[in-house]
Amino acid sequence: DLEGRVVHSWRTENPPGNSVYLRADGSLLRSVKPPNAYGFGQGGAGGGIQILAWDGGIVWEHLYANDRHRQHHDIQPLPNGHVLVLAWEMKTRDQAVAAGRNPRWLEGHELWPDKIVELKPKGKWEADVVWEWHVWDHLVQDHDRTKKNFGVVKEHPGLIDVNYTARGQADWNHLNAIHYHAELDQIIVCSHNQHEVWVIDHSTSTAEAAGHQGGKSGQGGDLLYRWGN
């Protein structure tokens with residue numbers, strides 16, 4: 001309470017993965033690290049989302065982890081009951097090079113660009129993905145002029161340099177916080193490895209979020225604002 005006294009607690013079997021929100025109805029929304037999640041072994045890895053009732057019973061639980069993607073760090077409840085989820089997605093070394101990544105900045109055979117998905121809870125265990133945004137759709141690079149995304153990086157502030165190194169590690173962006181501004185219908189995230197905050201238009205359709213036009217901003221899924229590095 002406001003005096004710093006514990007008035008209620010929840011005990012769970014799984015460690016966090018890594019955020020928690022108290023909802024207006026007294027239930028708890030949290031990301032978790034379930035034992036059946038695998039791959040993407042990096043700090044902050046989660047893999048599941050839960051809603052727990054005041055008494056600790058599971059209202060809803062969904063696993064968002066497989067060999068293609070994995071929830072990590074933060075989630076964000078939306079006013080409509082949906083949940084925004086940060087997740088890594090798997091790209092192979094060949095896919096990274098095809099996107100203009102300099103092989104010098106690939107320590108292994110994988111690259112994990114981030115994505116954001118909006119989940120609509122369905123039943124007790126399922127969810128529908130109703131919107132998504134991918135870093136991979138908004139790249140620029142000045143390494144390989146044979147690729148379509150070749151350009152002068154500083155002239156494209158709405159795009160993300162695929163050759164920003166982050167020491168070459170697979171966890172290239174490492175987004176670790178997300179928040180939603182309902183009035184503007186915008187999302188803000190912070191990238192630990194790129195030392196930046198990014199603002200993204202949520203008013204787009206998924207198709208518009210994959211491109212450079214559409215939404216209230218008219219800029220599709222390109223970054224509306226960035227600050228930091």
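This note goes through the nonpolar cores and one open sheet of a model that is predicted.

1. The largest nonpolar core has 25 residues, and those with the most contacts inside it are Ile116, Trp133, Trp136, Trp172, Ile187, Val189 and Trp198. In soluble globular proteins, nonpolar side chains tend to be buried together.

2. As to where this core draws its residues from, the elements that give two or more are strand E6 (83-89), strand E10 (126-134), strand E13 (175-181), strand E14 (186-191) and strand E15 (196-201). Of these, E13 gives the most to the core, with three residues.

3. Apart from this core lies another, of 12 residues, which includes Leu29, Ile75, Val83 and Val85.

4. Trp133 deserves its own paragraph: once its neighbours within four places in sequence are left aside, Trp133 is in contact with Lys115, Ile116, His138, Ile160, Trp198, Ile200, Ala209, Gly221 and Leu223. Two of these partners, Ile116 and Trp198, are also listed with Trp133 among the residues that have the most contacts inside the largest core.

5. Turning to the sheet, four strands form an open arrangement in the order E1-E2-E3-E4, with antiparallel pairing. Strand E1 (16-22) and strand E4 (58-63) stand at the edges and have a single partner strand each, so one side of each is left without a neighbour in the sheet. From one strand to the next, the twist averages 10°.

6. Within this order, strand E2 (residues 28-32) and strand E3 (residues 48-52) pair in the antiparallel sense over five bridges, and Ser31 stands opposite Ile49 in E3.

Note on methods:
Residues are numbered from 1 along each chain as its sequence is written. This is a predicted model: local features need pLDDT of at least 70, side-chain atom pairs count only at pLDDT 80 or more; totals for chains, interfaces and linings use all residues. Side-chain values use heavy atoms; hydrogens and water are left out. A nonpolar core is a set of buried Ala, Val, Leu, Ile, Met, Phe, Trp, Tyr and Cys residues joined through side-chain atoms within 4.5 Å. Buried means under 20% relative accessible area, exposed over 50%, partly exposed in between (1.4 Å probe, protein chains only). Contact means heavy atoms within 4.5 Å. Two strands pair if DSSP finds at least two bridges between them. Axes are lines fitted to C-alpha atoms, for helices over the stretch in contact, and angles run from 0 to 180 degrees between N-to-C directions.
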